[in-house]
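User: I have a structure open and would like to talk through it with you before I go back to the bench. Could you take my questions as they come?
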Amino acid sequence: MNYLLRLTLLTLASLGSLIASEAAASSASARQTLSLNGRWRVIVDPYDNGYVNYRLDRFDAAAKPTGGYFLDEKPATPSDLIEYNFDQSASLNVPGDWNSQEATLFYYENTVWYRRLFDFQSKAAGMRQFLRFGGANYEADVYLNGKKLGRHVGGFTPFEFEVTGLLREKGNFLVVRVNSQRKPEGVPTVNTDWWNYGGLTRDVTLVETPATFISDYSLQLKRGTSGLVSGYVQLAGATGPQAVTVSLPELKLELKASTDKDGRAALEFPLPQATLWSPETPKLYELVITSGADQVSEKIGFRTIETRGSDILLNGKSVFLRGISLHEENPLRGGRVTTPDEARLLLGWAKDLGCNFVRLAHYPHNEYMARAADELGLLLWEEVPVYWTIHWNDPSTYANAANQLTELINRDRNRASVIIWSMANETPVSAARTDFLKRLVSLTRKLDPSRLISAAMERHSPTEDPKTSIVEDPLAEVTDLVSFNQYIGWYVGTPDDCPKVTWKVPYDKPVLISEFGGDALQGLHGDRRTRFTEEYQADLYRQTLPMLEKIPQLRGMTPWILCDFRSPRRALPNIQDGWNRKGLIGQNGTRKQAFYILQEFYARKASAP
Ligand code: GCB
């Protein structure tokens, strides 16, 4: 769907039904697909020239742009003037960011044109085809065989275009203009503390479906019950009532339902004798959904997540979230995570730390993360890049944030590991900001009533009483958890201030510390008062943990951060060199002293939560 149309609809319509009936995205990962990953030819285009008809416009400013790189033209005769040539251009890996693949593109934040050639054989007559992009940062214009399919905005969520009738058996050319320029009105905006990796950073696939197909489903244990599943199966292209079968062979369960006029079959059924999913027993069941000529299958876990007073209840039992924050970056090579193995590497390190929970900061990570977390038994916090101060009063900024959140929820709604949707990170309180975020909260409750909602909020101290830390945020009235970042000992005072702090968190809700930490260069040693040494960071952890335990409602934490990560804001020579050093693990994979302090704390928490 055309992006502008989509934005308008997003602001006007009820999102749930719009998105669910639209496309094959949500079920794409459960299907056989043709991978378009691999080497793609690229043209780096800092002046955004590839859009225009270079043969006309330089002499005639009013000329209608009719050409461009998306046509992938070749000279028909030697006298033809064509000033680009994909066949002889450089190439890059897809999926992959361009910054870490090519030294000259390290700091590049602009346009790259990608081209992929492919042949395609449909399985049968009457099938439909969709081109699916796992993510492109930040803006993608997609053209197939010279025809524009549409534009997607937002760097971290999947999108797709129906291409039925547009494919040839031989010689399809798919051209994508990806532009990674930061924009003031964007989500995120121009200022962040992470690397702005551009490119086709996630898988590109061609998904084939029957004319009527399973476009989405949701199956979750109902809140307040431990054995009742409720949800739906959504068909696209259904013209009348259609039969749908849902089966869980291992549990010998088979259910039949029929779709309504909107192509949706509502389901509610008991799930006796199932092993509930948890970090201790991450049990997944094979789920098969069949309707007419279509079938999808994937692995799914069942669990409940709720709060009661200041407790977080997983499958009805109180749980302490032993977490860590994570960027979607492989520190060993400094680039975006692109494979299931890289996702497992990072989550494996979190498990070694003793975690049962990971905060995927500050944007939707690769969908491999949630799948790996499902298998490994890690609970997840997922977030959208509403970060620091974005344009709260701009309706297009809201529509953009709402769209990214919707695409994330639609993608991961069946992952048992995901328990918290986070609306934002460190957004200074103002009326416009709170209104914006409360609207995101209402949208999320509509799209997914089964999970918890939070946001990384902030603390403050009154000037007359710097030892008191207060968390007061009108947003906390509508979130399920009160989560906040705090940097006492790093940006505020030194670790020796920690024992003096008293807390005021006036909410009867679970409290989660979404960030704390300090920089240390792995291998740099000194006394505990010397900044950037491992000893300073270890002391900060040693003093912070008892300080946080004084908060009676404390039910978890995700210290900042598992690994050092690239950030252009971090310029201190010989210490940072373009890396934020708050990782518990250095750039080379070596664990710093603080890793072991937190590991010990989590071991204690695991045995006596
Ligand atoms: C924060 C931000 C995080 C930064 C971190 C830091 O509060 O949420 O994105 O990287 O502090 O290191 O300053």
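**Backbone, domains and packing**

Analyst: K252 counts as exposed, because its relative accessibility is 75%. Please keep in mind throughout that this is a predicted model.

User: Where is K252 found?
Analyst: K252 is found in the loop between β13 (243-248) and β14 (253-258), and its phi is near 55°, which is a positive value in a residue other than glycine.

User: What is the usual sign of phi, then?
Analyst: Most residues other than glycine have a negative phi, and most peptide bonds are trans.

User: And what about D577, what is its phi and where is it found?
Analyst: Phi of D577 is near 50°, again a positive value in a residue other than glycine, and D577 is found in the loop between β33 (565-566) and β34 (579-580). With a relative accessible area of 47%, D577 counts as partly exposed.

User: Which peptide bond leads into P95, cis or trans?
Analyst: The bond from V94 to P95 is cis, with omega near 0°, and P95 itself sits in the loop between β3 and β4 (111-118).

User: How about the bond from A361 to H362, cis or trans?
Analyst: The peptide bond from A361 to H362 is cis as well, with omega near -15°, and H362 lies in the loop between β24 (357-360) and α5.

User: Since you mention α5, which of its residues are buried?
Analyst: In helix α5, which covers residues 367-376, the buried residues are E367, M369, A370, A372, A373 and D374. Just after α5 comes G377, which takes a positive phi of about 80°.

User: Switching to cysteines: how many disulfides does a search of the whole structure find?
Analyst: A search of the whole structure finds zero disulfides.

User: Why is there no bond for C355?
Analyst: The closest cysteine sulfur to that of C355 is in C563, and because the two are 11 Å apart, they are too far for a bond; a disulfide would need the sulfur atoms within 2.5 Å.

User: Are those two cysteines buried or exposed?
Analyst: C355 counts as buried, with 4% relative accessibility, and C563 also counts as buried, at 6%.

User: OK, now the overall layout. How is the chain divided into domains?
Analyst: The protein chain is divided into domain 1 (3-209), domain 2 (224-303) and domain 3 (312-607).

User: How far apart are domain 1 and domain 3, and how many residues are in contact?
Analyst: Their C-alpha centres lie 32 Å apart, and the contact between them involves 41 residues of domain 1 and 46 residues of domain 3.

User: Last topic: at what angle do α8 and α9 pack?
Analyst: Helix α8 (residues 534-549) and helix α9 (residues 593-607) pack at an angle of about 25°, with their axes 7 Å apart. Because angles under 35 degrees count as roughly parallel, α8 is roughly parallel to α9.

User: Which residues make that contact?
Analyst: From α8 the contact is made by E534, E535, Q537, A538, Y541, R542, L545 and E549, while α9 contributes Q593, A594, I597, L598, F601, R604 and K605. Taken by type, the residues of the contact of α8 with α9 divide into seven nonpolar, two polar and six charged.

User: One more, then: which residues does A90 touch, apart from its sequence neighbours?
Analyst: Leaving aside its neighbours within four places in sequence, A90 is in contact with W40, R41 and V42, and A90 lies in the loop between β2 (38-44) and β3 (91-94).

Key:
Residues numbered from 1 in each chain as written. Predicted model: local features only at pLDDT ≥ 70, side-chain atom pairs only at ≥ 80, totals over all residues. Heavy atoms only, no water. Axes fitted to C-alpha atoms, helices over the stretch in contact; angles between N-to-C directions. Helix = DSSP H or I, 4+ residues; strand = E, 2+ residues; numbered from the N terminus. Parallel < 35°, antiparallel > 145°, perpendicular 65-115°, else oblique. Contact = heavy atoms within 4.5 Å. Nonpolar A, V, L, I, M, F, W, Y, C, P; charged D, E, K, R; others polar. Buried < 20%, exposed > 50% of the residue type's maximum accessible area, 1.4 Å probe, protein only. Domains from an automatic or database assignment.
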